[in-house]
Amino acid sequence: MSEGNLIGPGHSADALAGSREIVTLGVRRAGGARLLLVDPSADYRDVHYRRDFSGLELGSGRGQMLDELACLAPTLTDIAILCQSNWSYRLRLPSGVLLIGEPRGNWHGHMAEQVIAQFLPTHMVLQGEFTQMLAAGARHGLAVACVLDEWPQHYHRLGRRLEHRLSEDHVSLVANSTAAGVALLEAQGVPAHKLVTWTYRHAAPRQVCPRKAGPAGVEARLLFVGDISFETGVADLIRAMWLLEGRLTCRLDVVGTGQIAQMKQFATRLGLLRHVRFKGAVANGEIAAMMRGADAIVLPHRSVLRQSCVLTLREAFLSRTPILASDHPLLACQLVNGETGLLFQAGRPGALSEAIGRLFSDQLLYARLSRNAMDGLSCHDRSVAWGDMLGAWIQRDWPSC
């Protein structure tokens with residue numbers, strides 16, 4: 001194979017449609033660890049092009065991962081990311097990180113074997129639970145880390161099979177995005193010495209926002225940021241607004257992608273479309289201002305809740321805008337009800353409407369939630385940074401790194 005070059009800044013990601021960049025998959029330098037990251041949740045090529053060529057970053061997690069891996073690259077022989085894309089490609093970034101993109105239809109056991117056989121990793125990080133990749137890691141004698149960014153109960157469908165896989169000797173690190181998630185994994189049988197609570201590396205706050213004494217106007221301006229679906233509670237939020245009609249005038253801004261058409265239909269059916277604005281994907285740099293401009297940030301999640309929501313929670317704390325959140329375990333463990341946030345029963349629009357009404361009728365409560373936001377932030381930031389966690393994990397069994 002011949003070494004491929006990164007396409008220059010004048011080319012967009014769309015210009016790569018149907019192409020397959022070819023790079024050398026073999027050893028780049030001798031004598032060190034080789035890290036393969038497996039993450040089908042995003043196309044890292046698109047993340048790279050958006051950040052470096054258009055300046056637009058949607059969701060901070062994957063971009064931060066590229067930055068963290070770039071910092072690790074000088075200490076390792078090679079780093080590759082296996083991700084899901086629309087077309088097969090191989091692309092070497094300026095940082096030295098190799099991107100391997102494969103379409104959804106190619107994600108099968110044989111593909112995992114082929115990538116491992118070509119790249120020859122010593123360490124493999126699974127961003128999520130993939131039983132085929134866990135089994136492949138065992139067959140090839142790799143050190144494996146399983147980094148979960150969902151609430152662990154979402155994996156109950158796998159039963160004892162997942163617990164058994166994560167307890168095997170070749171899986172030497174199991175991480176979750178909250179301390180409560182780590183505790184649940186330990187209760188499910190994962191050995192405690194493997195468990196770590198992780199987060200993305202957080203920059204120092206841009207500024208400390210002033211406290212809010214109360215809503216800016218008569219209309220309650222609500223904000224939702226995240227994946228748009230019934231599972232993330234957007235429909236519950238719209239119905240809660242309908243239940244408040246005649247008592248409180250609400251306006252809702254919905255930021256994100258997903259089931260927008262279905263939610264518009266739902267809002268139309270309730271006669272609320274004029275009060276709900278779907279903003280689509282918004283660049284990271286604009287989110288802070290939108291949060292500061294809102295009167296309340298709502299996290300109404302029912303079941304689907306990933307690490308990106310934890311990042312949203314951090315931005316909400318920084319804005320000092322009061323937070324309304326469901327009692328989903330991942331949120332409830334990071335908020336003190338009535339002090340750093342106001343909790344309501346997940347999946348219950350009536351409970352959400354009551355929480356909204358309470359927040360906007362009790363000025364002392366509103367001011368207290370805004371005042372205590374920085375206390376919530378300090379509790380939220382106690383986890384180890386993702387890159388530091390991986391660096392320490394590799395160093396533990398590959399001391400030359």
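Which residue in β11 is the bridge partner of Asp253? In this predicted model, the partner of Asp253 is Arg277 of strand β11, and this pairing belongs to a set of four bridges that join strand β10 (residues 250-255) to β11 in the parallel sense. Between the two strands the chain passes through helix α8 (residues 260-269), and the resulting β-α-β crossover is right-handed.

Strand β11 (residues 276-280) has a covered face made up of Val276, Phe278 and Gly280, while Arg277 and Lys279 lie on the uncovered face. In a regular strand, side chains alternate between the two faces of the sheet.

The wider setting is an open sheet of six strands with parallel pairing, in the order β11-β10-β9-β12-β13-β14. Its edge strands are β11 and β14 (342-344), each of which pairs on one side only, and the twist from one strand to the next averages 25°. Elsewhere in the sheet, strand β12 (residues 296-299) is joined to strand β13 (residues 323-326) by three bridges in the parallel sense, with Val298 opposite Leu324 of β13.

Two helices lie across strands of this sheet, as the table shows.

| Helix | Strands it lies across | Angle |
|---|---|---|
| α7 (residues 234-243) | β9, β10, β11 and β12 | about 165° to β10 |
| α9 (residues 284-293) | β9, β10, β11 and β12 | about 150° to β9 |

A further pair of helices is α12 (residues 349-361) and α13 (residues 363-371), whose axes come within 5 Å and cross at roughly 95°, so that α12 and α13 are roughly perpendicular to each other. Arg358, Leu359, Phe360 and Ser361 of α12 make the contact with Gln363, Leu365, Tyr366 and Leu369 of α13, and by class this contact has five nonpolar, two polar and one charged residues.

Definitions and conventions
Residues are numbered from 1 along each chain as its sequence is written. This is a predicted model: local features need pLDDT of at least 70, side-chain atom pairs count only at pLDDT 80 or more; totals for chains, interfaces and linings use all residues. Side-chain values use heavy atoms; hydrogens and water are left out. Axes are lines fitted to C-alpha atoms, for helices over the stretch in contact, and angles run from 0 to 180 degrees between N-to-C directions. Angles under 35 degrees count as roughly parallel, over 145 as roughly antiparallel, 65 to 115 as roughly perpendicular and the rest as oblique. Contact means heavy atoms within 4.5 Å. Ala, Val, Leu, Ile, Met, Phe, Trp, Tyr, Cys and Pro count as nonpolar, Asp, Glu, Lys and Arg as charged, and the others, Gly among them, as polar. Buried means under 20% relative accessible area, exposed over 50%, partly exposed in between (1.4 Å probe, protein chains only). Two strands pair if DSSP finds at least two bridges between them. A crossover is right-handed if, with the strands pointing away from the viewer, the path from the first strand over the helix to the second runs clockwise.
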